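Student: Could you take me through one part of this protein slowly? I'd like to see how a single strand sits among its neighbours.

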Amino acid sequence: MEEDAAVSEARDVAIREDSIRLGQFLKLADLIDNGAEAKPLMIQGLVWVNGEVETRRGRQLRKGDVVTLGEQSVRVS
């Protein structure tokens, strides 16, 4: 999937603070059911942030970042 396509099709998920950890955001955005699911998906290279594979569950996301898991893309807002 091209990054431009992911960004244009991304749904927005609002956060309360200035940043959020990737693992927490995946759960908040209903991309996973619980935090334990995040690491295996990342190890397999299935989680992308701003068009690049991300393997760090603790990566800090800020507003405007786009997270992609499979066919779903979600923008931090």
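Tutor: Let's look at strand S6 and what surrounds it, and then at a group of charged side chains. Before we start: this is a predicted model, where local features need pLDDT of at least 70, side-chain atom pairs count only at pLDDT 80 or more, and totals for chains, interfaces and linings use all residues. Residues are numbered from 1 along each chain as its sequence is written, and side-chain values use heavy atoms, with hydrogens and water left out.

Strand S6 covers residues 66-69; strands here are DSSP runs of E with at least two residues, numbered from the N terminus. Val66 and Thr68 point to one side and Val67 and Leu69 to the other, and all four are buried (under 20% relative accessible area with a 1.4 Å probe, protein chains only; exposed is over 50%, and partly exposed is in between). So both faces of S6 are covered.

Now for the neighbours. Strands of a sheet pair through backbone hydrogen bonds, either parallel or antiparallel. Two strands count as paired if DSSP finds at least two bridges between them. On that basis, S6 pairs with strand S3 (residues 47-49) in the antiparallel sense over 3 bridges, with Trp48 opposite Thr68. S6 also pairs with strand S7 (residues 72-76), again antiparallel, over 4 bridges, and here Val67 has Val74 as its bridge partner. S6 and S7 form a hairpin with 2 residues between them, and Gly70 in the turn has a positive phi of about 65°.

Step back and you'll find an open sheet of 5 strands in the order S1-S7-S6-S3-S4, with mixed pairing. Its edge strands are S1 (11-13) and S4, each pairing on one side only. S1 and S7 run parallel, over 3 bridges, and Arg11 stands opposite Val74.

What about charges? The whole structure has 3 salt bridges (a side-chain nitrogen of Lys or Arg within 4 Å of a carboxyl oxygen of Asp or Glu). One of them joins Asp12 and Arg75, with the closest N and O atoms 2.7 Å apart. Asp12 lies in S1 and Arg75 in S7, so the pair ties together parts that are 63 residues apart in sequence.

Glu54, in the loop between S4 and strand S5 (60-62), is buried at 4% relative accessible area. Its side chain meets Arg56 in a salt bridge (2.8 Å, N to O) and Arg59 in another (2.8 Å, N to O). Those shared partners join Glu54, Arg56 and Arg59 into one network.
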